[in-house]
Each structure stands twice: as C-alpha cells, then as structure tokens.
Amino acid sequence: METTKPKFTRINQDDVVFFQCDIQVKMAKLVPNLETVAHNASRLAKAAKIFNIPIIVTEQYIKAFGETYPEITSEYPVDQKSYEKTVFSMLTEEVEADLSKLGVSTVVLYGIEAHVCIQQTALDLLEKGYNVFVLTDTLLSSREIERSTAIVRMTQAGVQMTTLESALFEIMKSSKHEEFKNILEIVKDVPKGCLSKL
C-alpha cells in the first residue's frame with residue numbers, strides 16, 4: 001500500500017491569518033490558567049499589528065461566556081471584527097466568507113478549548129485545504145487529558161504544532177527582518193511561571 005508524505009509547509013508573513021478562538025472572560029470559571037492564554041493572545045495581537053497579519057476572532061455565546069479579555073482587545077486595530085457563534089467550529093459561514101477574501105493558504109490557530117472548538121476548527125480547515133498550525137502554549141482545555149488527546153488527534157490529522165515564539169521567529173526568518181527588535185520585545189514578555197501553567 002502506498003503511503004502519502006505529510007504536506008510540508010512554513011508560516012509566511014504574506015500568506016497567513018491568525019485565528020483566535022473564544023478567549024473570553026467568563027470562560028475562566030471552566031478553564032484553569034486561562035489568563036496565561038489571554039496574555040499570549042495579547043502578545044499575538046501586538047505581533048499581528050506589527051506584521052500586518054489579519055486576525056479572525058470568535059466569541060462563543062457572549063451572553064453566557066462574556067466578551068474577549070480586555071488585555072487582548074486593547075491590542076486590536078480599530079477596525080477589528082469579532083464573530084459571535086453558537087456552533088463549536090470557528091468556521092461559520094460568515095468567517096469562511098471573510099477568510100476566502102483574504103486569499104491566504106495558512107492559518108495559525110489558538111485559544112480554547114483544545115478538544116472542542118479548536119479541534120473542530122482545525123479539522124474543518126484541513127478539509128478545505130488550508131495549512132493549519134496550532135500554538136500549543138496558547139491552547140487550553142478544562143482538563144489536561146482533553147488537551148493532550150486533542151493535540152495527538154490534530155497532529156495525526158495533519159495539523160502542525162508549534163509555539164508562539166517559534167511561529168514569530170519563523171515569520172521573520174532572520175534577525176535582519178525590519179521588525180526584529182519590536183518582535184523581540186514581545187517574545188521577551190513572558191510572565192513569570194507562564195510555561196509551568198500549560
């Protein structure tokens with residue numbers, strides 16, 4: 001039986017969109033250490049502005065789970081949209097329509113919960129032919145077994161796992177990048193004990 005080699009891709013600045021999934025204040029009651037993911041998402045929002053990379057943001061049933069952390073929204077560009085949803089996948093009809101207008105082939109995905117909304121979004125994106133990267137240090141579930149199992153399943157499906165820092169350096173490719181110093185400040189902005197909480 002012939003085997004197919006996994007598709008090899010990289011994150012390129014001019015061919016990527018960030019997907020931020022449901023990092024909402026009231027979710028903290030269900031997802032331990034969510035403040036760590038919120039802080040990393042704010043770092044990604046800063047980086048997206050510097051790189052001029054679009055962000056697609058969803059919020060799950062705002063009435064129940066509240067709005068996105070202010071720490072994140074304060075870093076958005078003034079025209080940033082967010083999409084409320086009740087389905088689990090981020091890939092609603094409205095999101096899919098706006099994603100197609102961007103004309104990119106790669107999605108960097110992060111947020112919560114790994115085993116529900118993130119996983120279903122990743123699988124939907126793969127089915128539609130997108131290259132998908134998930135940031136494991138900006139990814140949580142209510143229980144670690146759910147998070148770790150989702151990472152395995154998504155990897156088996158063809159999602160590439162990486163981290164915030166690794167993705168930002170991959171986008172720059174070189175210390176000669178014109179925004180290297182600005183991005184380095186974001187990379188250094190890691191709260192004490194941050195990594196031990198994920």
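In this predicted model, helix H4 makes a friendly starting point, with Glu 93 and Lys 101 exposed on one side of the helix. On the other side of H4 from these two, the picture changes: Val 95, Asp 98 and Leu 99 of this helix, which spans residues 93-102, are buried. These three cover an arc of only 105° around the axis and therefore sit on the same side of H4. In an α-helix there are 3.6 residues a turn, so residues three or four places apart point the same way. The partners of the buried residues of H4 are E1, E2, strand E3 (82-85) and helix H5 (114-127), against which they pack. After H4 comes Gly 103, with a positive phi near 70°.

From here the view moves to the interior. In soluble globular proteins, nonpolar side chains tend to be buried together. The largest nonpolar core has 35 residues, and Phe 18, Ile 23 and Tyr 110 are the ones that touch the most other members. At least two residues of this core come from each of strand E1 (16-21), helix H1 (34-51), strand E2 (55-60), E4, strand E5 (131-140), helix H7 (164-172) and helix H8 (180-188). The biggest contribution is that of H1, which gives nine residues. Apart from this core lies another, of 25 residues, including Met 90, Val 107, Cys 117 and Leu 139.

Tyr 110 deserves a closer look. This residue belongs to strand E4, residues 106-112, and counts as buried because its relative accessibility is 0%. Beyond its neighbours within four places in sequence, Tyr 110 contacts several residues, among them Phe 18, Ile 23, Ala 41, Leu 44 and Leu 135. Although 92 residues separate Tyr 110 and Phe 18 in sequence, their C-alpha atoms are 8.1 Å apart in space. Phe 18 in turn touches, among residues over four places away in sequence, Leu 44, Ala 48, Val 108 and Ile 171, to name some of them.

Another contact of Tyr 110 is Cys 21, which leads to the cysteines. Cys 21 counts as buried because its relative accessibility is 0%, and Cys 117 is likewise buried, at 7%. Is the sulfur of Cys 21 bonded or too far for a bond to the closest cysteine sulfur? That closest sulfur, in Cys 117, is 4.7 Å away, so it is too far for a bond, given that a disulfide needs the two sulfur atoms within 2.5 Å. Cys 117 is accordingly in no disulfide, and the structure holds zero disulfides.

Technical notes:
Residues numbered from 1 in each chain as written. Predicted model: local features only at pLDDT ≥ 70, side-chain atom pairs only at ≥ 80, totals over all residues. Heavy atoms only, no water. Helix = DSSP H or I, 4+ residues; strand = E, 2+ residues; numbered from the N terminus. Buried < 20%, exposed > 50% of the residue type's maximum accessible area, 1.4 Å probe, protein only. Contact = heavy atoms within 4.5 Å. Core = buried A, V, L, I, M, F, W, Y, C linked by side-chain atoms within 4.5 Å. Arc of directions from axis to C-beta.
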